[in-house]
Amino acid sequence: MANWIPLWVHKLGSPPIFYRFAGAVRPWALALAALLGAVALYGGLVLAPQDRYQHDAYRIIFIHVPCAWMSLFIYGAMAVASFVALVWRVKLAEVVAMESAPIGAAFTFVTLVTGSLWGKPMWGTWWTWDARLTSELVLLFLYLGVIGLYHAFEDRRQGARAAAFLALIGIVNVPIVHFSVNWWNTLHQGSTVRILGPSKISGDMLWPLLTMMVATKCYYLASLCGRVRADLLELEGGKDWVRRIAEAEERA
Amino acid sequence: MNGFFAMGGYAAYVWPAYAVFLLVLAADFLSPALRRRRILRELRARLARQARRQRAPAPGSLPSER
């Protein structure tokens with residue numbers, strides 16, 4: 001590979017080194033996620049004032065919106081890892097892409113369920129075939145398609161490459177989900193929080209939302225580390241380093 | 001405190017949403033730990049089988065192989 005890539009990147013691509021690295025990162029990421037998540041829940045459920053029109057029902061926003069952001073963010077991460085896996089045939093990139101899919105599917109599922117629970121009291125319906133809701137449902141199916149395709153092959157690496165290809169094609173759905181509220185006339189409201197320009201939400205509601213966003217990012221990192229570690233043990237089952245871990249755990 | 005749990009009459013929507021969030025993430029976090037245990041157990045069983053085979057010849061093998 002190119003010379004400009006520092007050596008530690010190559011080293012981190014090696015399964016035993018990444019296994020140890022992920023094991024060191026995981027508890028910190030989980031602790032940070034739990035701490036920030038608890039602060040965000042306290043801020044969102046207790047400190048934030050009632051909404052003028054939606055009263056307390058709006059408090060679903062503090063999990064619905066961060067989960068929706070994560071459903072798109074993880075899809076992006078999965079697509080980048082898939083691209084690396086397809087172009088450079090990096091085993092670790094395949095594992096990262098394939099282990100991101102169940103986490104992304106979990107967040108997409110939570111987004112749809114919490115959205116439904118919010119829609120019933122506010123819109124009067126659990127579900128409507130509106131552009132935002134439908135494209136988010138398609139996102140869930142894309143995640144499930146990637147997971148299913150991965151497991152449909154006898155050879156794990158062959159399955160990972162086929163599923164990575166599907167993940168790359170499915171990336172077209174991500175901007176559709178994001179811009180659906182602008183492109184179509186939807187029942188779902190437009191973006192409230194903006195990166196460019198001022199957000200249309202008051203500060204005491206905004207900070208729990210952003211804290212929860214960081215917490216879910218940390219959670220993704222922690223969950224991904226655990227999943228990648230398990231997957232590497234399975235893929236490298238015949239290697240010496242995995243054998244040593246298995247024997248060490250038996251003695252413990 | 002009762003007012004907090006009542007969520008202004010929207011308790012039936014707010015609390016299930018939070019419950020789904022926490023339960024799904026807990027399940028997502030526990031599943032790789034269970035998988036890891038199963039993988040290592042199977043690997044140890046395979047290693048033990050290999051070790052036995054090396055110590056004693058297989059029962060069906062020919063005398064010349066012993």
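The following exchange examines how features of this predicted model earn their labels.

Biologist: What makes up the secondary structure of chain A?

Modeller: Chain A has 9 helices and 0 strands, and its order along the sequence reads α-α-α-α-α-α-α-α-α. Its C-alpha atoms fill a box of roughly 60 × 40 × 35 Å along the principal axes. Of the 252 residues in chain A, 47% are buried.

Biologist: Why is A:Pro208 called buried?

Modeller: A:Pro208 has a relative accessible area of 0%, and buried means under 20%, so A:Pro208 is placed in that class. The residue lies in helix H8 of chain A.

Biologist: Which residues does A:Pro208 touch, leaving aside those up to four places away in sequence?

Modeller: They are A:Ala40, A:Gly43, A:Gly44 and A:Phe62. With A:Gly43, the C-alpha separation is 5.3 Å, although the two residues are 165 apart along the chain.

Biologist: Why is the pair A:Phe73 and A:Tyr220 called edge-to-face?

Modeller: The ring centres of A:Phe73 and A:Tyr220 are 6.2 Å apart and their planes stand at 90°. Centres must lie within 6.5 Å for a pair, and planes over 60 degrees apart count as edge-to-face; both conditions are met, so the label applies.

Biologist: What does the pair of A:Phe73 and A:Tyr220 tie together?

Modeller: A:Phe73 belongs to helix H3 of chain A and A:Tyr220 to helix H8 of chain A, so the pair ties together parts 147 residues apart in sequence. A:Phe73 is partly exposed at 39% relative accessibility, whereas A:Tyr220 is buried at 8%.

Biologist: Why is the pair B:Trp15 and B:Tyr18 called tilted?

Modeller: For B:Trp15 and B:Tyr18 the angle between the planes is 55°, with 6.2 Å centre to centre. Stacked requires under 30 degrees and edge-to-face over 60, the rest being tilted, and therefore this pair is tilted. B:Trp15 and B:Tyr18 are 3 residues apart in helix H2 of chain B, about one helical turn. Ring pairs also link B:Phe4, B:Phe5, B:Trp15 and B:Tyr18 into a cluster.

Biologist: Is B:Trp15 buried or partly exposed?

Modeller: B:Trp15 is partly exposed, with a relative accessible area of 25%. B:Tyr18, at 4%, counts as buried.

Biologist: How do you know that A:Arg157 and A:Glu94 meet in a salt bridge?

Modeller: The N to O distance between the side chains of A:Arg157 and A:Glu94 is 3.1 Å. The cut-off is 4 Å, so the pair qualifies. A:Arg157 is in helix H6 of chain A and A:Glu94 in helix H4 of chain A, 63 residues apart. A:Arg157 is partly exposed at 26% relative accessibility, while A:Glu94 is buried at 5%.

Biologist: What makes A:Glu99 and A:Arg227 a salt bridge?

Modeller: The closest N and O atoms of A:Glu99 and A:Arg227 are 3.6 Å apart. That value satisfies the limit of within 4 Å, so the pair counts. It links helix H4 of chain A, which holds A:Glu99, with helix H8 of chain A, which holds A:Arg227, across 128 residues. A:Glu99 is buried at 4% relative accessible area, and A:Arg227 is buried at 7%.

Biologist: Which helices of chain A are linked by the salt bridge of A:Arg156 and A:Glu234?

Modeller: A:Arg156 lies in helix H6 of chain A and A:Glu234 in helix H8 of chain A, 78 residues apart. Their closest N and O atoms are 3.5 Å apart. A:Arg156 is partly exposed at 23% relative accessibility, and A:Glu234 is partly exposed at 29%.

Biologist: Which residues do salt bridges with shared partners join into one network?

Modeller: The network comprises A:Glu99, A:Arg156, A:Arg227, A:Asp231, A:Glu234, B:Asp28 and B:Arg35.

Biologist: Why is the pair B:Arg35 and A:Asp231 called a salt bridge?

Modeller: The side chains of B:Arg35 and A:Asp231 approach to 2.7 Å, N to O. Because the rule asks for a nitrogen within 4 Å of a carboxyl oxygen, the pair is counted. Between chain A and chain B the count is 5 salt bridges.

Biologist: How many residues of each chain are in contact at the interface?

Modeller: On chain A, 50 residues are in contact with 28 residues of chain B. The buried area is about 3300 Å², and carbon and sulfur atoms give 71% of that area.

Conventions:
Residues numbered from 1 in each chain as written. Chains lettered and ligands numbered in written order. Predicted model: local features only at pLDDT ≥ 70, side-chain atom pairs only at ≥ 80, totals over all residues. Heavy atoms only, no water. Contact = heavy atoms within 4.5 Å. Buried area = accessible area lost by both parts, 1.4 Å probe. Phe/Tyr/Trp six-rings, centres within 6.5 Å; stacked < 30°, edge-to-face > 60°. Helix = DSSP H or I, 4+ residues; strand = E, 2+ residues; numbered from the N terminus. Buried < 20%, exposed > 50% of the residue type's maximum accessible area, 1.4 Å probe, protein only.
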